[in-house]
Each structure stands twice: as C-alpha cells, then as structure tokens.
Amino acid sequence: MTTGTTQDTDQGQIALICARHDNDPHRMLDILRDVQDRFRCISRATMQTVAEKTGLTEVAVEGVASFYAFLSLEPKGRVTIRLCDDIVDRFAGLVEVTEAFEAALGITVGQTSADGVFSLEYTPCIGMCDQAPAAMINDLVVTNLTPEKVREITAALKDGKRPEDLISDRFDDLSPHARATRMVDNNIRHAGAVLLGPVPADAGLQKALEQTPARIIEEIEASGLRGCGGAGFTTGMKWRFAAQAEADRKFIICNADEGEPGTFKDRVLLTERPHLLIEGMTIAARAVGAREGILYLRGEYVYLRPLIEEVLAERRAKGLLGKTIMGVEGFDFDIRLQMGAGAYICGEEGALISSCEGLPGEPKTRPPFPVTCGYLGFPTVVNNVETFCHAARILDCGAQWFFDMGTEGSHGTKLFSVSGDCINPGIYELSYGLSVRALLEMAGGEDAAAVLVGGPSGTMIARDTFDRKLTFDDLATGGAIVVFSAERNILEIVEYYMSFFVHESCGYCTPCRVGNVFLQKAVAKFRQGLANPADIAYLKDLSATIIETSRCGLGMTSPNPILSTLENFPLVYSAMVKPPKDRIRATFDIQSAISDARVLAKRRSSIYDKDFTK
Amino acid sequence: MNDLPKARIATASLAGCFGCHMALLDIDERLIELMKLVEFDRSPLTDIKRFTRRCDIGIIEGGCCNEENVHVLQDFRRNCDILVGIGQCAIMGGLPAMRNAIMHSDEPLRECLEEAYIRGPFTQNKTQIIPNDPALPLLLDKVYPCSEVVEIDYQIPGCAPTGDVIFEALAGLLSGRFQGFERAHIRFD
C-alpha cells in the first residue's frame, strides 16, 4: 500500500467519524475523541479534514484538540497508561508504582515506547482515592496498585493480552455493571435513607407525572435541596428560573465531571444508582419543560460509559425516555451522553456547557446565567449527579421527609467520599450536621492531624477544630474528605494542590493563569526554607488579588489550600521562615545563575569562584 | 540646618543605559538646594569606586544581567540603609530583560550571544567571535530585577523617571516623610 492510499483511507475514516456526528461543529469533542481513539493522535492533516467537514477553521479545531489532556497532538501508544498523580496516591506509594512501570516498560513518565505500544503519563485525580494508587489503562481502570501488581500487568500486556483481559478472563461476557465493579470497588461504608438504601424504581418519576410541573418545583423548593456539587445553590430556585424562561428549547445537563481531587461519590452513584439519576433528570425536564438532556461524564470515568449507555437504552425501550414518557402525551425527553476528555475546569458549569458545545472548556461570562442563557444560548439547568438523585427521591418520599433530615439550611443527606489516612476509606451517606470528628470515628481516622474538607478548593482544618459541622454554613463540601495523618507534610500537600491548579487553569484570565504559578513558587520557597517573614503577607496579598479578579470559580477558590492552612496551621509556615542575612534574597542563587555562562565562556567566575585561577 | 551632618548617597548603574543617572540632572536648579543636604559617596558621578563608609541612601539604576551587577548590588545592600531602585530596568529588568523571552531553547544564553554577535541581520562583526575576555564578567542565565536579588526599599518608576519624580522621592526620603508619589507624576499614558 502506498502512502497516498493510506492517506486516502485515513481521510475517509475521518470523514466517516465526522459524518457519524452529523459534521456538527458542536460535537467537536466527540469527533476528536473518536479520532484520538482510532489514530492515537490528532495530526495536522486530521485537523484540516475535521475543519473542512465541520465548517470550522483549522485553528478552532486545534484550539479544542490542544485544550483537553486526553487528546494529543503527538502519537500516543496503543496502550496508554495514565497514573493517577494525586497527593493521596503519592502517599499510598505512587513513587514505587511509577518506578515499577518505568522499569518494566523501559520508558519514563511522559514518554512513548519506540515501538509505539506503550505510553506512560501522569494525570490528576481520577476519582479512585479510596483505592489508591490507581491508574487508567486506555479506557479501563486498575486500582490498589503495588509494584508486584504492576509487574504482573505489564508482563500480561507485553504478552499481547488486551487491557480488558487484566480485569477478567471473560470480560466480554460480563455485564457493564459487573465490569465496572470488577475494576473499581464501591466501598459503600454507610448507606443512608435517601440514596444508597433501598430505592424503588421510578417511583419518584411516577409521582412527578401525576403532578403539574409547577407543583414539582414547589416540592423541590419545600425540601430545601441544595446543589451537591460544591456551590450549594438552591435547586428549586434554579429549576424555577429555567421554567420561567421563555424559549423554544430548554436543556437539562447532568454534571458528572467529578474532578475535585478526593471526590468520588458520583462515581458510586453512576455505578449503583444510574436509573435514579436518569429519573431525576427526567423529573427536572418535566418541571422546567425541557425535551433534551446531556449527561456530561468526565473522561476519567469512560469505563462507566457502557453502563450508562445500557441504562439509557433500557429506559428508552421501557418508554421512560424518548417520546410520550410513561404514556404522558406531549412529554418527550431524551438524553445524550457527552464524554469529557480530562479537564478539571469542565466541572465549572459554564466551562461544562462550552465543552458540550464542542468548544475548549473555558468558562462563560456571568451573567447571563445558564438558567436563562446556557447550552447553545437556551435556558439550561446544570445539576450535579447527586442533586438529581436526591430530586427523584424527594418526589417519591415527599419534601417534608427530606426537609426533616439534616440541619437548618442543610437538609437531607450527603455522600461523603472519605480517603487518605484512615482505616475505612469509601462512601458515607450521612445527614448534614455531623461533626468532622464523628465522621473520622466512623472511618477510623481518629489519628488525623489534618482534614481537607471539600477538596483543595475547600478548607483544611486542624485537630482543634474537628468539632466543626459538615453543613453548608460551616464546612461546605462537594463531598471530598481527605484525611492526613501527623506524618504528612502540610506544605507538601499545599504545594501539590497548587501545582494541580496551575495545571488545570484554563488560561483564559491572567490572575488565575499567572497568579497560581506565583503562589506555587512561593509555597515551594517555604518548603525549601528560603522564605522570609514578608512572604506570608505576600501569600495573603496575592491570594486576595487572585480571588478578587479571576473570571470563574477555579481562580476564586484556588488560593484556598494556602489561605486555609495559613489560618489553621500558622506554625507550619512560621517555622519555615527566617529573616534574610544582610537583606540579601536567599532565593537568588548566583551559582546556578552563572552556571550556563561558565560553560559557554569556558572559565570560572573571578568573583564567585574562589579558586577561579585553577 | 547647615550644622546637621549631610546625608550620604551612593549610586550605581547596573544593566541600564545610564539614562536614569542623566535624569538626576533634570532636577535642574533644585540640585543646588539638594547638594546642601547631601553628599555623594560611591557613584559614577564622583568616580569613587568603593564605599568610604556606610551610606544613608543607595540609588540603583538597571537590573542584573551579569555577576558583577549582582556583586555591586549586594555590596550596596550591605552598605546602605535605604536602597532605592530607579527606573524600569531596576524595577522589572527593562529592555535588557527582552533576552528573557528566549525561553523555548535548551541554551538560551548561547542563542542570545550568537544572535547578537554572529547571526543577527544587522551584526557587523568581521571576526565572527563572541567576546570572551577574562576581564568580562560572566552573564547570568537571565536578567533579574533588583528586587529578586536583594530587598529593595523604594522604587522610582519611569524610563527614565522625570526630574520632578526623582526630586519628590529624594526630598521625601531626606525629610523622612516619603509617602509614595502623586498619581499624576507616575502616569505614563
């Protein structure tokens, strides 16, 4: 076969991929994901073809292709191994696991083997903190890794086995649910009354369809349900705004882009309660008058895709999705699954909508808010997975039932994903209002020295404040509870989280893109013992600027690891500070600054090398 | 007033163009008043090469592009009570810091020198040799603003700052009442 014909067939295949998505520029992310899966990279020629087919410019296509971590412009190996580089994984032995992979594959992190078979790379939290260290192998997940397990995996892969065979010998015969639970443990440690206890199928939807849309919204408002993704906006109000908006089309979007490090509750709901989620979305559609829905699943959870697709198909077959749902004339609603491609920022609702529209995942200017001007400019309700599940249960069991659980202002139950230094990491469904200490006792983490509530954009608290309550008004959380024992270095944790934000900033606005880099460097200075007393004020000052001037929630919360540890662990910082000698900056290292010139000039420094005559 | 000891001022021009020193002269006839209050120690204006004793105010023009700049700046920090950065180069690196933009290179310094002495389209260097006399100080990997090398107490912005701004700052520092600049004096647009 000549190069020319390969080119032609490649072009043909790309054209086919584009056609499969109706050459629709709004489906750019799907198109590029398919291209990436097929060709293992998105080449310049590919971008040209995709641009022609979708009627976009090449640079617009490149903008999308270069934005997402799971799309690559360089060829990737047939087996791409992405090691989860979260701080929890690091503390759980990621270094040894990485070394084992590197030794077995003969490549270092960031490289692709010469034969094009293996790629090894790091990726931020993949939502497996309760079974760290974990890694993605193509679309699959392996957890609880040890060097021995790595050697087994790599040996099997080198033997020509498929990644699927690592999970089970009869992988293809297993149901999607069985596959998912073979790969990943649910680790449900405490099932509450709302979500993880017994849930009758579609009872909420049944009752919702007996009521008027306005009545559904009243129910949700009366229940006191607030968004479970982290921000805690009142769900009923969101639905009401969207219902009031006049538009030809309305959308229900489920935010299953669970990217906050340490959060994995949506993963468990998607695995165990997918029907409840879709039921909740359907109820929302009924309430606001939407006919179309999107489930945005984070790229790291692609292993759940077959499961979700099976559930969607099953519900369509049963008349629970599609036209005339449950026989109600005029109630049509269907959902498409939108895969993400490895971008934390897409958990922000504006960025998530951009991503669904086939754009780079950059946040949108607010106002207008999505409820009036969201996906493609139409009114859009974006809710978290857990919020939709709650909504379905509220319709079944009544607003009062839900309202009576929890505390004033924080009603119902919440899923907490507990990970880190505790005996029983996993999912705890508990009523709001529990103290951190009580949760630690349940999880076997009484020895904790620090607990990060709400992930890096939340709050890090110390032992003296473990009696604080898990509510929206005290310690709000999207679900992440990361436990750190006294052996852990707080500054190492903070520096890691700052590097995470540096990596995940979309780059649109300068305070976030540049400011977080400065913050990370400043924390590094503390760790190296090079900080002076003025640097503490500098950290606070710069953090305030970033919070004040950033465009979206990422920058408004990214300084939190620093601010909350400065407040709750002040000694950690002051112990590392020393006044500079002669007011000369310890951070400036003359030896490294002149080392390049020494090599180029082939001589030593007459000032800074004492033995320069030699 | 005349019986008070005069304040001692030292100045240095590091990686700058000497323009800020020239701007000192833009104080014009107020210089006569100023000289009643101060005397100059180490400075290119007096050609004194070493500190004769500790100074009250050190004025630094230019950033640090080579090891000698660093050495001088550290010496000033050790010998002056107040250190003032004057002009864009001292504060941010200024024009010389344009070479910091060569960042996507394995050897940015070599690339910079080759561009300047060999490959540049306007280079007229018949010997095709990059100067490397042992007396030349070694270059730093990039140009550093003064505040990255030592602590700087005050900064006088401008390229070069106007005589008014310089006088305002010096008069304020000498009387111990320096509160920053009037906004109109440091507007450049």
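Two residues are taken to be in contact if their C-beta atoms, placed from the backbone, lie within 7 Å. With that in hand, B:M92 makes a convenient starting point in this predicted model. Leaving aside neighbours within four places in sequence, B:M92 is in contact with B:A97 and B:P145. The residue belongs to helix 4 of chain B, which covers residues 88-92. B:M92 has 17 C-beta neighbours inside 10 Å and therefore counts as partly exposed, since that class lies between the limits of 12 or fewer for exposed and 20 or more for buried. Another residue of the chain, B:K49, is 43 residues away from B:M92 in sequence, and the C-alpha atoms of the two are separated by 26 Å.

Chain B as a whole comprises 7 helices and 7 strands. Followed along the sequence, these elements give the pattern β-α-α-β-β-β-α-β-α-α-β-α-β-α. The C-alpha trace of chain B spans about 60 × 40 × 30 Å along its principal axes. Of the 189 residues in chain B, 37% are buried. Among the contacts in chain B with a separation of 6 or more, 77% are between residues 24 or more positions apart.

Helix 7 of chain B, residues 163-175, repays a closer look. Its 13 residues should span 18 Å at 1.5 Å a residue, and the end C-alpha atoms are indeed 18 Å apart, so expectation and model agree. Which residues of helix 7 of chain B are buried? They are B:V165, B:I166, B:A169 and B:L170. Viewed down the axis of helix 7 of chain B, the buried residues fall within an arc of 125 degrees, and they therefore line one face of the helix. The packing partners of these buried residues are helix 1 (19-24), helix 2 (30-37) and strand 7 (154-156), each in chain B. Just after helix 7 of chain B comes B:G176, with a positive phi of about 75 degrees.

Turning to the other chain, chain A contains 26 helices and 16 strands. The radius of gyration of chain A is 26 Å, close to the 25 Å given by the globule rule for 614 residues, so chain A is as compact as a globular protein of that length. Along the principal axes, the C-alpha trace of chain A spans about 95 × 70 × 50 Å. Buried residues account for 50% of the 614 residues in chain A. When contacts in chain A between residues at least 6 apart in sequence are considered, 71% join residues at least 24 apart.

Strand 9 of chain A, residues 380-384, is mostly covered, with 5 of its 5 residues buried. A:T380, A:V382 and A:N384 point one way from this strand, while A:V381 and A:N383 point the other way, and all are buried. Strand 9 of chain A runs parallel to strand 6 (residues 251-256) of chain A, and 5 bridges join the two. Within this pairing, A:F251 stands opposite A:T380.

A:L395 is found in helix 17 of chain A, residues 385-397. Is A:L395 buried or exposed? It has 29 C-beta neighbours inside 10 Å and so counts as buried. Not counting residues up to four places away in sequence, A:L395 touches A:G204, A:K207, A:A208, A:I216, A:E219 and A:I283. One of these partners, A:G204, is 191 residues from A:L395 along the chain, yet their C-alpha atoms are separated by 4.7 Å.

A loop residue offers a further view of chain A. A:E348 lies between strand 8 (334-339) and helix 16 (349-356) of chain A. With 28 other C-beta atoms within 10 Å, A:E348 is buried. Residues up to four places away in sequence aside, A:E348 touches A:P363, A:C552, A:G553 and A:L554. A:D609, by contrast, is 261 residues from A:E348 in sequence and 53 Å away in space, C-alpha to C-alpha.

Finally, the two chains meet in a contact that takes 18 residues from chain A and 20 residues from chain B. On the side of chain A that touches chain B, the residues divide into 11 nonpolar, 1 polar and 6 charged.

Technical notes: Residues numbered from 1 in each chain as written. Chains lettered and ligands numbered in written order. Predicted model: local features only at pLDDT ≥ 70, side-chain atom pairs only at ≥ 80, totals over all residues. Helix = DSSP H or I, 4+ residues; strand = E, 2+ residues; numbered from the N terminus. Rg over C-alpha atoms; globule rule 2.2 N^0.38 Å. Expected span 1.5 Å × (residues − 1). Arc of directions from axis to C-beta. Nonpolar A, V, L, I, M, F, W, Y, C, P; charged D, E, K, R; others polar. Pairing = 2+ DSSP bridges.
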